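Student: I've got a new structure open here. Can we walk through it together?

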Amino acid sequence: MTDPAAPSTTAASRPMFRLDNEQLAFRFTATLSDRHGTPVERLPDPGRLDDWLAANDIAVGSEHATPADLDLAQRLREAIHRIGTAIAHDEPTTETDRAVLNRLLRDEQLCPELTETGLRWQPITGHHVRGALSRIAHDAVTLLGGPQRGQVKACQNPDCRGLYVDTSQGQNRRWCSMNICGNRAKKARFRGPRTTVGNN
Ligand SMILES: [Zn+2]
């Protein structure tokens with residue numbers, strides 16, 4: 001694999017991926033960033049879904065994503081984001097969103113295989129792109145229903161609200177990424193007194 005975040009050669013002008021989140025499911029939700037500000041869609045077409053799956057080592061076989069796959073991927077992504085946001089704020093999740101994940105899990109089509117260098121995902125049968133999406137759904141369910149559920153948080157940048165798992169000792173991490181939202185906040189504080197009054 002070359003540079004995993006690089007856009008494909010046919011899509012040089014498309015937004016780069018954010019691959020800094022440690023959780024596969026939350027890296028996937030970050031393909032739509034700044035949901036509450038000026039949203040940036042990083043999966044604008046099926047080709048970029050292929051690129052994202054390859055960049056995250058879950059592209060299997062030579063099959064390409066279709067527009068229907070992209071539609072399913074975006075529905076899965078938003079369901080994960082809504083469920084994660086609800087959990088982060090101690091609010092109830094909806095049956096409709098949970099069903100998007102659970103339905104995909106029922107036809108999971110990838111299985112793990114131990115190789116000399118680590119783990120790789122292999123297709124069992126059927127549609128490989130859908131299999132990759134079911135892998136993301138699996139990660140989301142393990143994360144949102146497992147022991148890390150209580151550590152799921154939403155970024156405090158009001159434009160971002162990106163999801164992450166807070167593994168800090170004091171449970172006081174505020175940003176999805178120190179490099180992105182942490183720095184934005186720092187710059188805003190730095191500029192604040194010059195342009196506004198009473199800003200924090
Ligand atoms: Zn953020």
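Student: Let's start with His36. Where does it lie?

Tutor: His36 is in the loop between β1 (32-33) and β2 (40-41). Keep in mind that this is a predicted model.

Student: OK. And what does His36 touch, not counting residues up to four places away in sequence?

Tutor: Pro158, Asp159, Cys160 and Arg161.

Student: How far apart are His36 and Gly162, in sequence and in space?

Tutor: They are 126 residues apart in sequence. C-alpha to C-alpha, the distance is 9.8 Å.

Student: Back to Arg161. What about its phi?

Tutor: Phi of Arg161 is positive, about 55 degrees, although Arg161 is not a glycine. The residue sits in the loop between β5 and β6. Its relative accessible area is 31%, so it counts as partly exposed.

Student: Cys160 came up too. Which residues coordinate the zinc ion?

Tutor: Cys155, Cys160, Cys176 and Cys181 coordinate the zinc ion. Each uses its SG atom, at 2.3 to 2.4 Å.

Student: What spacing do the donors follow along the chain?

Tutor: C-x4-C-x15-C-x4-C.

Student: Why is the arrangement tetrahedral?

Tutor: The 4 donor atoms subtend angles of 103 to 118 degrees around the zinc ion, which makes it tetrahedral.

Student: Are those cysteines buried or exposed?

Tutor: Cys155 is buried, at 0% relative accessible area. Cys181 is buried at 1%. Cys160 is buried at 6%, and Cys176 is buried at 9%.

Student: How many disulfides does a search of the whole structure find?

Tutor: The search finds 0.

Student: Let's zoom out. How many helices and strands in the chain?

Tutor: There are 6 helices and 6 strands. Along the sequence, the pattern reads α-β-β-α-α-α-β-β-α-β-β-α.

Student: And how much of the chain is buried?

Tutor: Buried residues are 43% of the 200 residues.

Student: What about contacts between residues at least 6 apart in sequence?

Tutor: Of those contacts, 57% join residues at least 24 apart.

Student: Now the core. How many residues does the largest nonpolar core have?

Tutor: It has 37 residues. Those with the most contacts inside it are Phe26, Phe28, Leu49, Trp52, Leu76, Ile80 and Ile136.

Student: Which elements give two or more residues to this core?

Tutor: They are α1 (24-29), α2 (46-55), α3, α4, α5, β5 (152-154) and β6 (163-165).

Student: Is there a second core, and which residues does it include?

Tutor: A second, separate core has 7 residues, including Cys155, Cys160, Trp175 and Cys181. Three of these names are familiar: Cys155, Cys160 and Cys181 also coordinate the zinc ion.

Student: Take Leu76. What is it in contact with, leaving aside neighbours within four places in sequence?

Tutor: Phe28, Val100, Leu101, Leu104, Leu133, Ile136 and Ala137.

Student: Which residues of α4 are buried?

Tutor: Asp97, Ala99, Val100, Leu101 and Leu104. What covers them includes α3 (67-88) and α5 (128-145).

Student: What should the 12 residues of α4 span?

Tutor: At 1.5 Å a residue, 16 Å. The end C-alpha atoms of α4 are 16 Å apart, which agrees.

Student: And α5, what should its 18 residues span?

Tutor: The expected span is 26 Å. The end C-alpha atoms of α5 are 25 Å apart, which agrees. Buried residues of α5 include Leu133, Arg135, Ile136 and Ala137.

Student: How many residues of α2 are buried?

Tutor: 8 of its 10, so α2 is mostly covered. Among them are Arg48, Leu49, Asp50, Asp51 and Trp52. The buried residues of α2 pack against α1, α3 and α5.

Student: Last one, Trp121. Where is its place?

Tutor: Trp121 is in strand β4 (residues 119-123). Its relative accessible area is 16%, so it counts as buried.

Student: What does Trp121 touch, not counting residues up to four places away?

Tutor: Asp57, Ile58, Val60, Leu110, Cys111, Pro112 and Arg135. Trp121 and Cys111 are 10 residues apart along the chain, with 5.7 Å between their C-alpha atoms.

Student: And Asp57, is it buried or exposed?

Tutor: Exposed, at 54% relative accessibility. Asp57 lies in the loop between α2 and α3. Its phi is positive, near 60 degrees, and it is a residue other than glycine.

Terms used
Residues are numbered from 1 along each chain as its sequence is written. This is a predicted model: local features need pLDDT of at least 70, side-chain atom pairs count only at pLDDT 80 or more; totals for chains, interfaces and linings use all residues. Side-chain values use heavy atoms; hydrogens and water are left out. Donors are N, O and S atoms within 2.8 Å of the metal (3.2 Å for Na, K and Ca); water is not among the atoms, so sites may look incomplete. Four donors count as tetrahedral if all angles lie between 85 and 135 degrees; four count as square planar and six as octahedral if opposite donors are over 155 degrees apart and all others between 65 and 115; anything else is irregular. Buried means under 20% relative accessible area, exposed over 50%, partly exposed in between (1.4 Å probe, protein chains only). Helices (H or I, at least four residues) and strands (E, at least two) are DSSP runs, numbered from the N terminus. The expected span of a helix is 1.5 Å times one less than its number of residues. Contact means heavy atoms within 4.5 Å. A nonpolar core is a set of buried Ala, Val, Leu, Ile, Met, Phe, Trp, Tyr and Cys residues joined through side-chain atoms within 4.5 Å. A disulfide is a pair of cysteine sulfur atoms within 2.5 Å.
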